[in-house]
Amino acid sequence: MKTFKVNGESVEVDAEGSTPLLWVLREQLGLTGTKFGCGIAQCGACTVHVDGNPVRACAYPLSAVGEASEITTIEGLSEAGDHPVQLAWAELDVPQCGYCQPGMIMATAALLAKNPDADDADIDQQITNICRCGTFQRVREGIHLAKRKMA
Amino acid sequence: MTNSATITRRQFIVGASAAGIGLSLGVLPRGASAAAGPDEVNAWVRIATDDTVTIRIARSEMGQGTLTGLAQLVAEELECDWNRVTWEFPTPGQNLARERVWKDFSTGGSNGLRGSQQYVREGGAAARIMLIGAAAEAWGVSASECSARDSVITHGPSGRTTTFGKVAVAAARQPVPQNVTLKDPSTWHTAGKPKMRLDTQDKLTGKLVYGADLRFDGMLLASIMDCPVKGGKLVSFDADAIKDMPGVKKVLAVKTSVGTGLGTDGVAVVADTWWRAHSALKALPIEWDFGPNANFSDADVTRLLESGLDADEAFRGNWAGDMDAAFASAEQMVESVYKCPSQSHAPMEPMNATALVTADKCEVWCPTQNGESALAAAAEASGLPIEKCDVHKTLLGGGFGRRGAPDYVHQVVAIAKAFPGTPIKLQWSREEDQKHGFYHPTTMAKLRGSLDADGKLTGLHMRISGQSILAALIPQALVNGADLATFQGVVKPGLSPSMDQHQISYDFPNLLVDHAMRNPPIRPGFWRGVNVNQNAIYLESFMDELAHAAGRDPLEFRLAHMEKNPKGAAVLKAVAERSGWGSEDGKARGLATMYAFGSYVAACAEVRVVDGKLKIDRIVAATDCGTAVNPQQIQAQVEGSFVYGLSAMLYGEITYKDGQVQQDNFHTYPSMRIAEMPLVEAIVMPSGGFFGGVGEPTIAVAAPAVLNALFAATGKRIRSIPLKDADLTA
Amino acid sequence: MTIRIAIPSQAKVGEIIEIRTLIQHPMETGFRRDEYGRAIPRDILERFSCLYNGEIVFEATLFPAVTANPYLTFCTRATESGTLVFRWTDQRGEVFEETADLEVV
Amino acid sequence: MSPETPSGQIAPRSAVKRRQVLKGLAGGVAIFAWPTPGLALPEDATRAIQALFGDRPLQEGRVVVELPKLSENGYSVAMAIDVDSPMTENDHVSRIAVFAEENPLPDVVRFELGPRAGRASIKTRIRLGASQRIRAVAQMNDGSLWTSYAFTVVTLAACVVQG
């Protein structure tokens, strides 16, 4: 039994320590907004925040989650889906199939929280999520729009 | 342990069947309500007393905006308030029960809108006529004096008004209009406009329930491993070795038959969570008989394809004039050989499906490009009559052609039969998804062209050698042995009605395009853009080679053969003009054009090579799809399809060693990321009078435009993709 | 060549019995293509006959549209005890046969 | 279907999918006096029926063809045929022939039977090349012809064959 915080609430989880955080979130906690894409930290569909840092939850074992860890998932990014990144995404109609977008949004939110002035080079370096529908052009526009909303 | 987000099966189904409540559980599947109800005006439209309009969508939504476009088409004719529009999927079972009132569920071939626009618009128009008829009857006036707009019906002479919601129930009793006149697209106000998608919001909050996210009370999870070599067999497994691993409920052999020698012969582990099922499966000792393809490798593919380049026998797909005579009198001959490998679809959401089988019922929830195909698979796998089965579609985390095949439905039903009354969700790992695809066919091509003393192209021979999708999947669709689909994008006009949407763009005096069919033991399938992709690389790269050999401008060289194709010439000129083709700014540019899926498309790419690495700066793309139903989504499709096409060009290849796929995840099957994304400028230029496809055609021009620009930048002609291993230093 | 016949072992005089037959055979259509794009030659069973004590009671002509491992269910009226012969003939004239006994009471 | 030329190359004419061309003509072909509209068969199947049964009229009825409404790929589709007949010496089915309107070959299977069958009830499994009507024609001992059909959607072919 392990206790930590997810989206501001304390949770208790009973699972093997080797279980990736992704599957704890999805299967133990029912938070299915965080997606399974590759299982090897390549695609970023499972990106969540652990203590504010973007983490690929599919390769982050439960054993690495500290008792004091605070995890934020897409469900906890905002109360009403109105985080500036989400608002920017809505305005530009970014998603196509949408499956990678929770991870894309979480990666962006983490980037802008640390670097509100992120430029294209920062985006190129920090946003490495895969989107097979190919929404990158609007993702980039969305990041810049979110920046303006946050400013 | 918190479990608050678990959706119980009962809640799920109740939620799904009650309008509005479904939203709190994600937007799917809403099918259960598509049975005829009091608020149903006709099969396509339901209107609640609060004026909410629910439009029934038969096709799948896999990212291409099909659902929104179809809703726009219905709403346009219905004259309803777009802001009050929502949607639901009828189930394929309901479709059968109502004599296929929603017609085809198949979503592929860029057919979602153009294949159904006529009858969905008629459905919307019929509903409008019935609503107006009901209002007119209540008022005791002539329907011809009434009109509708934004869900409000107005009686012209008196100025009286009512709303759709108030007359919807009465409207359902109105006679069904037999002949409806559709609006001219030039008068559209909802369709034809850049409307925001109806499915965006829940994709931003994690609320959207994809197939992979389905949860039912008491559900068990399955992970599967099919024989890693196609044509091989499961011999045995040692279930005892993993029976004590946490959560494991059952280990079972799964054998299905999806097609001629193409079924599953594997093993699945069922556990209380997927992670536990998958961990146990990875630990399970399994003995395979790899069968006849145990030693198959990529070198075998190359040998087989090369054998077709000069083979005497080939199927013809396009011909004109006398090519041999043209070659005999050539001033200059140009000859090149090209190659394109197998590709995996790699949608972001790996294959999955959920099934509940009881003695007399089989229900499946899954992402599928064809609900009816999934339903047929459920019936065949369960052994139950089709009337006892149904499929609830979820939105797809990508399809690209892969989810047209319901192999995973066969599998999940086979597993669920061993757990009567228990919902089973089968989730493939990414590795399973990569190893058991229906891959983009692999081909090579040898092109020869003759030029006269004036640099005019006098003859062209395009020999395609390679894999036929139809020969593997639908042999009965071969025409005297020929797979006409292999000629997509280069086919002779009039060769076959179904291929006329893929005619060659050019008029050549002396031409032969032929196909030496070579079928390696790789399961091929329909991969977004299908055979247009490689044919565009072959023909459009070679046109560039010919232009350079002739010392002519590649734009002018192409246009010289497009006099009979003014719409094709128009898109080509549009990209040339916008991109600054011909300007002396030192930028390396490349062109490509194609007619595919009924649309005229062209692209101009600008590239640089920096430290031996390709940098694609910009691509201008134009598409004339005849009628633009949602221009901003067409732009999104152009932007996105380029990522798909360029990922294949840059990195994508499926290769074989010892009969097994070598690229089992994104580290070995990379996909483009944002850093590599060029600026895409999409010119949407619908010329009217027809409906062309949107999801696929532009993919094909991305790669040849970039390869031609790369030649302009470096003088190097890349004739084999992917580019990843090519030396690009000038 | 595996042949499976399902037939009741006993029937009353005049009773209509159902006979189920299955024979292992590829029923190669002639429409498929091999590795080198060549037609895989047609190879089908063309004829099926059921003889009841020497008399033909049911016959079928098969075309490539009949699925691999042809399955056929039909009926016959039990008249007298005896032997039923099930005979398939392929396109080259090769014959495959199986028999079953029926006791009529 | 015209035979393949020896070179393996397909001749220009035969490259046109014959049944698709013929479909356009089918509306004008009225070889039989079909009792109801919508029964005009694609040419190949019509010809095959004519070749077997001659010009005698077909009557709709007495035959029931059962197929699932959907088939995933058409590789193996269960078909049941029942003909309403007492199967007596004086009144029985003598022949049943099954035709596919959209297969490469219109002939599917034929059965010869008589009073010894007791019941004209047959089950088998067939291949369907595309969504289509499967028609059964039963010939009675008095020479009369009865017919009916079932329609099955084959879902696999949709991606390329349509449009």
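Visitor: Which residues of α18(B) does α14(B) meet?
Guide: We're looking at a predicted model here. On the α14(B) side, the residues involved include Val532(B), Ala536(B), Ile537(B) and His548(B). Their partners in α18(B) are Ile699(B), Ala700(B), Ala703(B), Pro704(B), Leu707(B), Asn708(B) and Phe711(B).

Visitor: And how many nonpolar residues does that contact have?
Guide: Sorting the contact of α14(B) with α18(B) by class gives 4 polar and 2 charged residues. The nonpolar count is 9.

Visitor: Are α14(B) and α18(B) roughly parallel or roughly antiparallel?
Guide: Start with the axes: helix α14 (residues 532-550) and helix α18 (residues 699-714) of chain B come within 8 Å and cross at roughly 30°. Angles under 35 degrees count as roughly parallel. The crossing itself is right-handed. So the two helices, α14(B) and α18(B), are roughly parallel.

Visitor: Which chains have the most contacts between them?
Guide: There are 4 pairs of chains that touch. Chain A and chain C aren't one of them, with their closest C-alpha atoms 32 Å apart. Chain A and chain D don't touch either, and their nearest C-alpha atoms are 20 Å apart. The pair with the most contacts is chains A and B.

Visitor: Where in chain D does pLDDT stay under 50?
Guide: Chain D averages a pLDDT of 77, and 71% of its residues score at least 70. Where pLDDT is low, the predicted coordinates shouldn't be read in detail. One such stretch has 77 contacts beyond four places in sequence in the model, and it covers residues 1-40 of chain D.

Visitor: What ipTM does the predictor give the complex?
Guide: Two scores come with the complex, and the pTM is 0.93. The ipTM is 0.91.

Note on methods:
Residues numbered from 1 in each chain as written. Chains lettered and ligands numbered in written order. Predicted model: local features only at pLDDT ≥ 70, side-chain atom pairs only at ≥ 80, totals over all residues. Heavy atoms only, no water. pLDDT = per-residue confidence, 0-100. Contact = heavy atoms within 4.5 Å. Axes fitted to C-alpha atoms, helices over the stretch in contact; angles between N-to-C directions. Helix = DSSP H or I, 4+ residues; strand = E, 2+ residues; numbered from the N terminus. Parallel < 35°, antiparallel > 145°, perpendicular 65-115°, else oblique. Left-handed = near helix turned anticlockwise from the far one by under 90°. Nonpolar A, V, L, I, M, F, W, Y, C, P; charged D, E, K, R; others polar.
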